[in-house]
Amino acid sequence: MVDQTNKDERYKARQQKVKDEVDARVEAAQEEKGLFLIITGNGKGKTTSGFGTIARAVGHGQKCGVGQFIKGTWDCGERNLLESHGVNFAVMATGFTWETQNKEADTAAAQETWAECKKMLADSSYDVVLLDELTYMVTYGYIELDEVIAAISNRPAMQSVVVTGRGAHRSLVELADTVSEVRNVKHAFESGIKARKGIDW
Ligand code: ATP
Ligand code: MG
């Protein structure tokens, strides 16, 4: 019985210490500004995380925009839902594929979507802008890295931006406030299981 009381007290003291440390850190964080987040890596969960952030912001009544730089052949569940909640979508024209044979057409399609995104990045009425799969546009040279850095750096002070996609350029990683890398432990596709509506798109 005495033993149990001692254990409980030690537990309480430990938890109090953790709480004090967290409180001190919360107290120390004084700056308020829009954030630049990157979700990168080879594992599944980047786009869903980006859209999760958009859903979170929409739930708070915030204004959001989404630029989608790789349009799949399937319709996008998140777009079906969020467009009807006032989220503005700029989606890359059909015709773009992974096995691209036409750099000129792909560059033009990327540029068209990027022009729409730049408008959102310059508009202080947007609280959160998701640039889904933007990393590839930089990797393939469809959009200039310097342009992306300039648009994100010069955005309105309270606006947050989320960029998703594998292989985020190190200059973008450097500029970002929060960077998460999703690691692939295993994926159903590797076991020959087909992509599923509601899970994969
Ligand atoms: P999600 O949209 O599910 O969050 P993601 O954005 O992290 O995935 P992408 O690289 O954009 O991943 O790929 C999109 C599609 O590829 C999804 O259908 C996803 O399930 C699938 N995918 C993601 N990671 C892997 C992987 N490591 N192996 C095979 N397929 C993957
Ligand atoms: Mg994705």
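**The surroundings of ligand 1 and a second pocket**

Around ligand 1 there are 13 residues, of which Lys-44, Gly-45, Lys-46, Thr-48 and Asp-200 come nearest. The model under discussion is a predicted one, and the description below starts at this ligand before turning to other parts of the chain.

By class, the shell around ligand 1 consists of one nonpolar, seven polar and five charged residues. Several polar contacts can be traced in detail. Asp-200 places a polar side-chain atom 2.4 Å from an oxygen atom of ligand 1, and Thr-48 has a polar side-chain atom 2.8 Å from an oxygen atom of the ligand. With Asn-42 the backbone is involved: one of its N or O atoms lies 3.0 Å from a nitrogen atom of ligand 1. On its own, ligand 1 has 570 Å² of accessible area, and the protein covers 80% of it.

The second largest pocket holds about 210 Å³ of space. Its lining is made up of 13 residues, and Thr-53, Ala-57, Gln-62, Val-128 and Ser-160 are those nearest the centre of the pocket. Helix 2, which spans residues 46-59, gives the most to this lining, with three residues. Divided by class, the lining of the second largest pocket comprises five nonpolar, five polar and three charged residues.

The final region to consider is residues 3-26. An unreviewed UniProt entry annotates this span as "domain: Cob(I)alamin adenosyltransferase N-terminal". In the model, residues 3-26 are 100% helix and 0% strand, and the C-alpha atoms at the two ends of the span lie 35 Å apart.

Note on methods:
Residues are numbered from 1 along each chain as its sequence is written. Chains are lettered from A and ligands numbered from 1 in the order in which they are written. This is a predicted model: local features need pLDDT of at least 70, side-chain atom pairs count only at pLDDT 80 or more; totals for chains, interfaces and linings use all residues. Side-chain values use heavy atoms; hydrogens and water are left out. A residue is near a molecule or strand if one of its heavy atoms lies within 4 Å of it. A polar contact is a pair of N or O atoms within 3.5 Å; within protein, one must be able to donate a hydrogen and the other to accept it, and residues adjacent in sequence count only if both atoms are side-chain atoms. Accessible areas come from the Shrake-Rupley method with a 1.4 Å probe; for residues, only the protein chains shown count as cover. Ala, Val, Leu, Ile, Met, Phe, Trp, Tyr, Cys and Pro count as nonpolar, Asp, Glu, Lys and Arg as charged, and the others, Gly among them, as polar. UniProt positions are given in the numbering used here, feature names are shortened, and annotations may be inferred rather than shown by experiment. Helices (H or I, at least four residues) and strands (E, at least two) are DSSP runs, numbered from the N terminus. On a 1 Å grid over the protein atoms alone, a cavity is a set of points where a 1.4 Å probe fits but cannot get out, and a pocket is an open set with protein on both sides within 12 Å along at least five of seven lines; lining residues have an atom within 4 Å of a point. Grid points are joined across faces, edges and corners, and a volume is the space filled by probe spheres set on the points.
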